[in-house]
Structures are given as C-alpha cells and as structure tokens.
Amino acid sequence: MYTCNYFRARDISRCASRVRRSRSARARACAAAASFSARRCSGVSAAPSAGRCRYTCLLAGAPRVTLRGLTMHGPVHVGGGDLSIESCRFDGCEAPEGGALLLSDGMINAMNSTFSGNKASGSGGAVMASNGIAKFASCHFEDNQASARGGGLCIDGAELVLSDGTLLT
C-alpha cells in the first residue's frame, strides 16, 4: 500500500515521485492522481484544527485494509486488494476520476458511510468503479458532482451491489 499523508504540496510531490519510480502501472496511476491532489492542497494550513489533505493508494498484494470511523478529505484509489469502509465520511474530496473512491481493480465493501460534497473533473463525483466489485450497504450519497458521468456513482465494467437502504440524492 502506498500512502501519502501530507500538509503541503511539496510533501505529496516527494511521495508521488517515489511511487512513480515503481514499475507498476497502477502505482504510476496513483502517483498521477496524487499529483492532482497536491495542486488542490497547496494552500492547506498545518494548524492542528485544519483538515489534512490525504491521498491513499491500495494496490494488489496489499493486506486487507479497514477504515473505521474516519472523516476523509482526500481520495482513495483501490487498484487491487480489499478495502472495507465502516462508519466513515468522505467529505469534500476531489480527484480527476472518483472524487472520493476510485476502484480500478479489487474490492470495496462500504457500510454505514456518507459521501458528501465530493467532485470529479471526469466521471464519478463520489465513486468511479471501472473494474472489480463495489458493495455499499446503508450508505448515503449527497451533493456529489462530476463533469462527465455519474455525479454520485459511475460504474463502468465493475460489479455494483447497493443494499440495506443505500440512498442516492
């Protein structure tokens, strides 16, 4: 798993360049999206009360990862592996594809989570799933935007399961 946590744009640039040197095409895709996020975060304050910008890549071969009870303000890319999301909030995330979550391979299993105010300059304001399996149970999608397709969800070749009162508004 490649994780880039940072307060300033130059920190993410260092992390992205390390990932970019990888021979993996998926790692390079993560680095490109992380560079996009760095431009968005260039003015973020390092004050303890300020939200940290965050870009996380979960790649094939990574152990199963669980996010529980977190508020995320930056996108997550699943390019292989298994991500569980429990009682989280994705708020104000922004990326070229999949403002909050980009699934290009692997599996996402989200429960009791909210996706609000996320944006994509391409497709999938909250979630873009182009391969793999995306499951959402008791989740709420609201006020997400995409310039191309799917303000809340854009599913293009992936398997989608919505259950237990998942609400798209």
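How do strand 10 and strand 14 pair, and over how many bridges? Strand 10, residues 119-120, pairs with strand 14 in the parallel sense, over two bridges. The model described here is a predicted one. This briefing covers two open sheets, of three strands and of five strands, then the aromatic pairs, the cysteines and a nonpolar surface patch.

**The three-stranded sheet**

- Strands 7, 10 and 14 form an open sheet in the order 7-10-14, with parallel pairing.
- The edges are taken by strand 7 (94-95) and strand 14 (145-146); each has a single partner strand, so one side of each lacks a neighbour in the sheet.
- Within the pairing of strand 10 with strand 14, Lys 119 stands opposite Gln 145 of strand 14.
- Strands of a sheet pair through backbone hydrogen bonds, in either a parallel or an antiparallel manner.

**The five-stranded sheet**

- A second open sheet is formed by five strands in the order 4-6-9-13-17, and the pairing is again parallel.
- Strand 4 (71-72) and strand 17 (167-168) stand at its edges, and because each has a single partner strand, one side of each is left without a neighbour in the sheet.
- Strand 9 pairs with strand 13, residues 140-142, in the parallel sense over three bridges.
- Ser 116 stands opposite Glu 142, which belongs to strand 13.

**Aromatic pairs**

- The structure holds four aromatic pairs.
- In one of them, the rings of Phe 90 and Phe 115 have centres 5.0 Å apart and planes at 5°, and the pair is therefore stacked.
- This pair links distant parts of the chain: Phe 90 lies in strand 6 (residues 89-91) and Phe 115 in strand 9 (residues 114-116), 25 residues apart.
- Phe 90 is buried, with a relative accessible area of 0%, and Phe 115 is likewise buried, at 0%.
- Phe 115 also forms an aromatic pair with Phe 136, in an edge-to-face arrangement with 5.9 Å from centre to centre and 80° between the planes.
- The pair of Phe 115 and Phe 136 again connects distant parts of the chain, strand 9 and strand 12 (residues 133-137), with the two positions 21 residues apart in numbering.
- Phe 136 counts as buried, at 1% relative accessibility.
- Phe 90, Phe 115, Phe 136 and Phe 141 together form one aromatic cluster.
- A pair of aromatic rings is described by the distance of the centres and the angle of the planes.

**Cysteines**

- The structure holds zero disulfides.
- Why does Cys 139 form no bond with the closest cysteine sulfur? The closest cysteine sulfur, in Cys 88, is 9.7 Å from the sulfur of Cys 139, which is too far for a bond; a disulfide requires the two sulfur atoms to lie within 2.5 Å.
- Cys 139 is buried, with a relative accessible area of 2%.
- Cys 154 is buried as well, with a relative accessible area of 4%.

**Nonpolar surface patch**

- Ile 155, Leu 160, Leu 162 and Leu 168 form a nonpolar patch on the surface, and together they have about 300 Å² of accessible area.
- Leu 160, one of the residues of this patch, lies in strand 16, which spans residues 159-163.
- Leu 160 is partly exposed, with a relative accessible area of 33%.

Methods. Residues numbered from 1 in each chain as written. Predicted model: local features only at pLDDT ≥ 70, side-chain atom pairs only at ≥ 80, totals over all residues. Heavy atoms only, no water. Buried < 20%, exposed > 50% of the residue type's maximum accessible area, 1.4 Å probe, protein only. Phe/Tyr/Trp six-rings, centres within 6.5 Å; stacked < 30°, edge-to-face > 60°. Helix = DSSP H or I, 4+ residues; strand = E, 2+ residues; numbered from the N terminus. Patch = residues over 30% accessible without salt bridge, like charges linked within 9 Å, V, L, I, M, F, W, Y side chains within 5 Å. Areas by Shrake-Rupley, 256 points an atom, 1.4 Å probe, with all protein chains shown as cover. Salt bridge = Lys/Arg side-chain N within 4 Å of Asp/Glu carboxyl O. Pairing = 2+ DSSP bridges.
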